[in-house]
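Student: I would like to learn how to read a protein model feature by feature. Could you walk me through one?

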Amino acid sequence: MEKRTIVKMPGDGIGKVVLEESIRVLDAAGFEANYIEGDIGWKFWCTEGDPLPQRTIDLLADHKIGLFGAITSKPKDEAFEGLIPELKEKGLVYSSPIVGLRQHFGLDICLRPCRTYKGNPLNFIRRGKGNTIEEPEVDVAIFRQNTEGLYGGVEWSDPPDQVYDALMTHPKFQKNFGDAPKEEISVSTRIFTKNATERILRAAFEHAKNYGYKSVTVCEKPNVIRETSGMMYKMAQQIQKADFPEIELWNTNIDAQMMWLTKNPENYGVIVAGNMFGDIVSDGFAGLIGGLGFACSAQYNPETGVGVFEPTHGSAPKYADYPVSIVNPIAMIESACMMLDYIDEQEIAKMIRKAVAEVVAEGKVRTYDMAKMSGRPDVIEHGAASTVQMTDAIIDKL
Ligand code: IPM
Ligand code: MN
């Protein structure tokens, strides 16, 4: 069989380190592929004025599967400062290349599983009856709508007249904002379409059905955000009734959900939310299973087959300069496993996950986060495993 080609996009900072480590694990597990590097990130913004060059888009369009490290994103003004002088005159505006990638390829389904590893010292614990300590086992799959909502990019400061006039036709705009000078108004829209909402809901229900979860929870805020959140919940009710009657449909508000995180996280199965709330709730659950060092994700377009797999942590630029890398590679390695699942290499994924679980359970090799140290360069001297040592330990188990 012909070898697969994977587009590896290291991005910035520690993305460059953890991506290579995940490929080392894939190799050791016997997954055969060619890797081509796709340019993306801060460096290309500064030198070319585009953090997501067309050549990278072309590569991904050709090969369909991307393994992604991490990205440094900065607010508008700070990003402008990073440009080389000859680009400063061009009126370029920075926007996140990962968000750009999601939108360009319509990677509208984002799956972020959060599962407890037995023996992880970072697992959430809570006080039970009579001062006992309980360690609830978390196993949730978060489905985040990945292209619309507050991430749609439809926003203005000092909106154009047409937009302002249109807003003024809304009685609430007139009443609540009509007195504010136009140039002092900033608007970010939250647009949901039926099509994308249905796709993320169905993906969530299908997943619940295929993997034996008993419930799907819509985590939005329909009591206040009536049109978008309201539409999502209503559609969820219809879909559940028509096609998934065996799965329970629950409805939580994002704020209350964040509070319940530490109260009853073991009760939730599949969670589905719009873009921003999905972003929030997935970080929330990740915190219960070890934090960003363990949080992996898949984002894909079921029609075109394009999929990009990435840890949900950032590029942590500070850590990238340490002489020996100390960051936890597990989130990236788990993301690579999600890639394997996606391309029908579940057996290899299973093997790698088992190896990771064994290393975590054994507890002999722990990166600084797992050893509860603060992330300074000298953690290695104090017994923390380096990024490479953690990867080696996982490879040894394979
Ligand atoms: C994530 C990240 C991104 C997001 C950032 C880097 C744009 O937080 O993947 O969760 O907000 O989606
Ligand atoms: Mn996030």
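**Reading the model, one feature at a time**

Tutor: Let us begin with a single residue: Asp341 has a relative accessible area of 28%, so this residue counts as partly exposed. Keep in mind throughout that this is a predicted model.

Student: Which residue does the side chain of Asp341 meet in a salt bridge?

Tutor: The general idea is that side chains of opposite charge can pair when their charged atoms come close. Here the partner of Asp341 is Arg353, at 2.9 Å from N to O. Asp341 belongs to helix 13 and Arg353 to helix 14 (residues 346-362), so this salt bridge ties together parts that lie 12 residues apart in sequence.

Student: Is helix 13 largely enclosed or largely open?

Tutor: For a helix, look at how many of its residues are buried. In helix 13, 11 of the 13 residues are buried, so the rest of the structure largely encloses this helix. Among the buried ones are Ile330, Met332, Ile333, Glu334, Cys337 and Leu340.

Student: How far does helix 13 reach from its first C-alpha to its last?

Tutor: Helix 13 covers residues 330-342 and reaches 18 Å, close to the 18 Å expected at 1.5 Å a residue. Just after this helix, Asp344 has a positive phi of about 65°.

Student: What does the same reading give for helix 1?

Tutor: Helix 1 (residues 15-28) has 14 residues, which should span 20 Å at 1.5 Å a residue, and its end C-alpha atoms are indeed 20 Å apart. Its buried residues include Val18, Leu19, Ile23, Val25 and Leu26, along with Glu21. After helix 1 comes Gly30, with a positive phi near 90°.

Student: Against which elements do the buried residues of helix 1 pack?

Tutor: They pack against strand 1 (4-11), strand 2 (33-37) and strand 3 (65-70), and also against helix 13, helix 14 and helix 15 (387-397). That links helix 1 to the helix we began with, since helix 13 is among its packing partners.

Student: Back to charges: how many salt bridges does a search of the whole structure find?

Tutor: The search finds 26. Let us look at a few, asking each time where the partners sit. Lys354 pairs with Glu358, their closest N and O atoms being 3.3 Å apart. These two residues are 4 apart in helix 14, so about one helical turn separates them. Lys354 is exposed, at 55% relative accessible area, whereas Glu358 is partly exposed, at 29%.

Student: Which salt bridge links distant parts of the chain?

Tutor: Try Lys182 and Asp158, whose closest N and O atoms are 2.8 Å apart. Lys182 is in the loop between helix 7 and strand 9, while Asp158 is in the loop between strand 8 (155-157) and helix 6 (161-168), and the two are 24 residues apart. Asp158 is partly exposed, with 35% relative accessible area.

Student: Where does Glu183 lie?

Tutor: Glu183 is in the loop between helix 7 (171-177) and strand 9 (186-188). Its relative accessible area is 54%, so Glu183 is exposed. The C-alpha atom of Glu183 is 7.4 Å from that of Pro159, although the two residues are 24 apart along the chain.

Student: Which residues are linked in a network of salt bridges?

Tutor: Lys8, Glu20 and Glu37 are linked in such a network.

Student: How many disulfides does the structure hold?

Tutor: There are 0. To check one cysteine, find its closest sulfur neighbour: for Cys110 this is in Cys296, 10 Å away, which is too far for a bond. Cys110 is buried, at 0% relative accessibility, and Cys46 also counts as buried, at 11%.

Student: How is the chain divided into domains?

Tutor: Domain 1 is 1-107 + 315-398, domain 2 is 124-152 + 190-288, and domain 3 is 155-188. The centres of domain 1 and domain 2 are 26 Å apart, taken over C-alpha atoms.

Student: What area do domain 1 and domain 2 bury between them?

Tutor: The size of an interface is often given as the accessible area lost when the parts come together. In this case the two domains bury about 460 Å², with 42% of it on carbon and sulfur atoms. Arg102, Gln103 and Leu107 supply 79% of the area that domain 1 buries against domain 2, more than any other three residues. Contact involves 5 residues of domain 1 and 5 residues of domain 2, and 0 salt bridges are found across this interface.

Terms used:
Residues are numbered from 1 along each chain as its sequence is written. Chains are lettered from A and ligands numbered from 1 in the order in which they are written. This is a predicted model: local features need pLDDT of at least 70, side-chain atom pairs count only at pLDDT 80 or more; totals for chains, interfaces and linings use all residues. Side-chain values use heavy atoms; hydrogens and water are left out. A disulfide is a pair of cysteine sulfur atoms within 2.5 Å. Buried means under 20% relative accessible area, exposed over 50%, partly exposed in between (1.4 Å probe, protein chains only). The expected span of a helix is 1.5 Å times one less than its number of residues. Domain bounds come from an automatic or database domain assignment. Contact means heavy atoms within 4.5 Å. Buried area is the accessible area (1.4 Å probe) that two parts lose on being put together, summed over both. A salt bridge is a side-chain nitrogen of Lys or Arg within 4 Å of a carboxyl oxygen of Asp or Glu.
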